[in-house]
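New to this one? Take a moment with the sequence and the 3D view, and then we'll walk through it together.

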Amino acid sequence: MKQSPTTLFLAGILSVLALSCGGGESESTPESSSQPAEANEALETNQAAQAPAAPEVSAEAAKAAAEKFVLCAACHGEDGNSLRDYIPNLASQNAAYLFTQFEKFANDQRENYVMSKIAPSLTTDERIAIAVYFADKPVLSRAQGVMPDAKGKKVYDSLCYACHGTAGHGDQQYPRIAGQPYVFLEKTLLSFKNNDPQRRNSPMTGVIQNLTEEDLRAVASWVSNLP
Ligand code: HEC
Ligand code: HEC
């Protein structure tokens, strides 16, 4: 499946972590009664014994992250398909985008009553585990309550495709927008246009400045119905 971009992203983040956190808590207490004699040599040369740990999400981090998924499920759905129309899907969202949004909520570049509290409580390992977990889930089709407006397609094909891709799936740099709930898209686009503090300092504000609210609703209807 689409494992590779996510895996690459993970590998990148983890190697950074391995470098910056390497030699952190040296949890491997030497239960070394069974160590043969040649191990002593390595132990003598104290420093050399501190080989960096293999880059992988530790069992504890994975477990802690699993506890956090339960928190997210009430709003974003167990599989990342949102349970409410004003809440975005996390399913199939690009892992890098999910990861950077935690940073934004945590440092007030983006505001939401709940998310601004949750984001700072997540450790880096949990953020990675959560981003990777949801990025690999499929988006299920949902009843959007609006028909795709042909005018929205025109707007999409003349402007949005350049960054979000022809199918709206984005990439490691741009978020996936296809299949997001219409209500979330409409609200978000209006926030960008009005430079709402909830989505402040976004490149999107400049991009859509010349579109009317009617254009934005049309393009939201189109995007929400993309698979
Ligand atoms: C009480 C409901 C609620 C809970 C619980 C919740 N969220 Fe959210 N989340 C939201 C809402 C609402 C938004 C949209 C905010 C906005 O409009 O900008 C959001 C936005 C996000 C975004 C940005 C997505 C995007 O496409 O812009 C991410 C990432 C996210 N949440 C992750 C999580 C994770 C991970 C958890 C669990 C640890 C979680 N959320 C728990 C309500 C919730
Ligand atoms: C120049 C590149 C660019 C173009 C063109 C562009 N976008 Fe974006 N868009 C971005 C970036 C970057 C983000 C993420 C940054 C942010 O959230 O502030 C984003 C975020 C979004 C989001 C929020 C996604 C989420 O889940 O939080 C929506 C919705 C969106 N764009 C819709 C559109 C639509 C519709 C168009 C066409 C009218 C469009 N974009 C054109 C770059 C672009």
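Here is a short tour, from the whole fold to the ligand and then to one pair of helices.

## The overall picture

Keep in mind that this is a predicted model. The protein has 10 helices and 0 strands, so if you read the elements off from the N terminus, you get α-α-α-α-α-α-α-α-α-α.

Buried residues account for 27% of the 227 residues in the protein. Now look at the contacts with a separation of 6 or more: 72% of them join residues that sit 24 or more positions apart.

## Around the ligand

Which residues come nearest to ligand 1? They are Cys72, Cys75, Pro88, Gln101 and Asn112, out of the 20 residues around the ligand. Three elements give two or more residues to this shell: helix 3 (59–76), helix 4 (95–106) and helix 5 (115–118). Helix 3 gives the most, with 6 residues.

As for the chemistry, the shell around ligand 1 splits into 14 nonpolar residues, 5 polar ones and 1 charged one.

## Two helices that cross

Next, find helix 7 (residues 150–164) and helix 10 (residues 213–224): their axes come within 7 Å and cross at roughly 90 degrees. That's why helix 7 counts as roughly perpendicular to helix 10.

Who makes the contact? From helix 7 it is Lys151, Gly152, Lys153, Val155, Tyr156 and Cys160, and from helix 10 it is Asp215, Ala218, Val219, Ser221, Trp222 and Val223. Sorted by class, the contact between helix 7 and helix 10 has 7 nonpolar, 2 polar and 3 charged residues.

Definitions and conventions:
Residues are numbered from 1 along each chain as its sequence is written. Chains are lettered from A and ligands numbered from 1 in the order in which they are written. This is a predicted model: local features need pLDDT of at least 70, side-chain atom pairs count only at pLDDT 80 or more; totals for chains, interfaces and linings use all residues. A residue is near a molecule or strand if its C-beta atom, placed from the backbone, lies within 6 Å of it. Helices (H or I, at least four residues) and strands (E, at least two) are DSSP runs, numbered from the N terminus. Ala, Val, Leu, Ile, Met, Phe, Trp, Tyr, Cys and Pro count as nonpolar, Asp, Glu, Lys and Arg as charged, and the others, Gly among them, as polar. Axes are lines fitted to C-alpha atoms, for helices over the stretch in contact, and angles run from 0 to 180 degrees between N-to-C directions. Angles under 35 degrees count as roughly parallel, over 145 as roughly antiparallel, 65 to 115 as roughly perpendicular and the rest as oblique. Two residues are in contact if their C-beta atoms, placed from the backbone, lie within 7 Å. A residue is buried if 20 or more other C-beta atoms lie within 10 Å of its own, exposed if 12 or fewer, and partly exposed in between; C-beta atoms are placed from the backbone.
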